[in-house]
Amino acid sequence: MTKTLLLDLTRDQLRELVQSWGEPAYRGNQIYDWLHKNLVTDPAQMTNLPKKLRERLAAETFINPLELIVQVDDARGETRKALFRLPDGSTIEVVLMLYDKRRTVCISTQVGCGIGCPFCATGMGGLTRNLSPGEIIAQVHWFERWLRQDSPDSEGLVVQRPSRVTNIVVMGMGEPLANYDAAMQALRAIADPKTFALSARNITLSTVGLVPRIDQLAEESLPIRLAVSLHAPTDRLRNKLVPINKRYNLSKLMDALVRYQEKTRRRVTFEYAMMRGINDAVEQAHLLADLLTPLRKAHVNLIPLNPTPGSPYQPSSTEAVRRFQQALEDAGVTTTVRLRRGVEISAGCGQLRQATQQPEVLKFIRQ
Ligand code: SAH
Ligand code: SF4
């Protein structure tokens, strides 16, 4: 019999499960709180449950689907990247980032990714499978448990414990809107004010722009922030860099984002990975500013590309980034240049996983 991952179940589903075992429904609430508030990893710790129920949980369910393969910190102690193995042998990356007084976890929603952006390490291997809601939630819980430990030892990271996760970015492996239901169930659990209680406003979901899903997201009651991976100001270039653009072109995408902003009153941000000689010319900044005009309040994050082994794309020079940024600012678009944090620990999307698929690299990282 395959065991049920308890984190996959909503509160209602847990209540139904225990009822099907002949227990009162409130036992489901108790278990839900142990899982999502106390973050226990073993039913034996659920001390207010009858022993029989704890034993049945231990026999038929499990709580933590993540087995740590390797974790790597950057030299400044600001970033910790972890590679995990899931029960079926798949591997995923999760990153903890410590800066601006924030403790941000970057989570994955799929094993691999089917979109196939040619500059992205995750995209190169294609999609293996979607993650389940519990497999997404567990990534946040993993780092939250570590942060909550009352310990004078920060293990070399620039953080004082105990503390808490303050922010979540859904910017790890995979396209979250291609795994919509699982991603939303996970984020709802994380933002549930009765349990984990992380403010939805501190959650940012990044997408390449699946138009029907953006419209669906606009209808959700969960006020998370939306980031869109643009990377190109014209269809011609974006068709190449973000192939889903052939299905949902820039005009369809922008229309959807205008609808989204009107409906939610929340500003959309854009990710623009700067690639030398590809998308970093000043004329392209002008085209980008024009493209964003209908949104009025757009913000662009400029990120010098993290070069991915096996991909021909290179990062733009600091000078090119500066000129591009200036052109956007002159046109009234606000911008941030994001540092390439974690480059040294392969913290680009899917890069640690890619590196560790070569055994000699894994040996090097472990030393
Ligand atoms: N699939 C979603 C979310 C995960 S990727 C998306 O693409 O939006 C998070 C961000 O990292 C995206 O903006 C993606 O384009 C960017 N990215 C991927 N590979 C990168 C690289 N090598 N250098 C810089 N940014 C990269
Ligand atoms: Fe997938 Fe995002 Fe990577 Fe593109 S950038 S391949 S959508 S994970």
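Start by selecting ligand 1 together with Gly174, where a polar backbone atom of Gly174 sits 2.8 Å from a nitrogen atom of the ligand. Bear in mind throughout the tour that this is a predicted model.

Keep ligand 1 in view and add Ser229, whose side chain places a polar atom 2.5 Å from an oxygen atom of the ligand. Thr308 can be added next, since an N or O atom in the side chain of Thr308 is found 3.5 Å from a nitrogen atom of ligand 1. If you then switch on a surface, note that ligand 1 taken alone exposes 530 Å², and that the protein buries 92% of that.

Now widen the selection to the whole shell. There are 17 residues around ligand 1, and those that come nearest are Gly174, Ser206, Ser229, His231 and Asn306. Coloured by residue class, the shell of ligand 1 divides into 6 nonpolar, 9 polar and 2 charged residues.

Move on to ligand 2, which is surrounded by 9 residues, with Cys113, Cys117, Cys120, Gly123 and Val208 as the closest. The same colouring of the shell around ligand 2 gives 6 nonpolar, 3 polar and no charged residues.

Next, hide the ligands and show the strands as a cartoon. You should find an open sheet of 10 strands with mixed pairing, in the order S3-S4-S5-S6-S9-S10-S11-S12-S13-S14. Its edges are strand S3 (67-73) and strand S14 (334-337), each of which pairs on one side only. Looking across the sheet, you can follow a twist that averages 20 degrees from one strand to the next. Select helix H6 (residues 180-191) as well, because it packs on this sheet, touching strand S9 (167-170) and strand S10 (203-207), and the direction of H6 makes about 165 degrees with that of S10.

Walk through some of the strand pairs, beginning at the S3 edge. S3 pairs with strand S4 (residues 79-85) in the antiparallel sense over 6 bridges, and within this pair Val70 has Leu83 of S4 as its bridge partner. Further along, strand S5 (residues 91-99) and strand S6 (residues 102-106) run antiparallel and are joined by 5 bridges, with Leu98 standing opposite Arg103 in S6. The hairpin of S5 and S6 has 2 residues between the strands, and there Asp100 takes a positive phi near 50 degrees. The pairing of S6 with S9 is parallel, over 3 bridges, and here the bridge partner of Cys106 is Val169 in S9. When side chains are displayed along these strands, remember that in a regular strand they alternate between the two faces of the sheet.

Two backbone details remain for the last stops. Which kind of peptide bond joins Arg161 and Pro162? The bond is cis, with omega about 0 degrees, and Pro162 belongs to the loop between helix H5 (133-148) and S9. Finally, select Leu39, which lies in the loop between helix H2 (26-36) and helix H3 (51-60). The phi of Leu39 is near 55 degrees, a positive value in a residue other than glycine.

Technical notes
Residues are numbered from 1 along each chain as its sequence is written. Chains are lettered from A and ligands numbered from 1 in the order in which they are written. This is a predicted model: local features need pLDDT of at least 70, side-chain atom pairs count only at pLDDT 80 or more; totals for chains, interfaces and linings use all residues. Side-chain values use heavy atoms; hydrogens and water are left out. A residue is near a molecule or strand if one of its heavy atoms lies within 4 Å of it. Ala, Val, Leu, Ile, Met, Phe, Trp, Tyr, Cys and Pro count as nonpolar, Asp, Glu, Lys and Arg as charged, and the others, Gly among them, as polar. A polar contact is a pair of N or O atoms within 3.5 Å; within protein, one must be able to donate a hydrogen and the other to accept it, and residues adjacent in sequence count only if both atoms are side-chain atoms. Accessible areas come from the Shrake-Rupley method with a 1.4 Å probe; for residues, only the protein chains shown count as cover. Two strands pair if DSSP finds at least two bridges between them. Helices (H or I, at least four residues) and strands (E, at least two) are DSSP runs, numbered from the N terminus. Axes are lines fitted to C-alpha atoms, for helices over the stretch in contact, and angles run from 0 to 180 degrees between N-to-C directions. Contact means heavy atoms within 4.5 Å.
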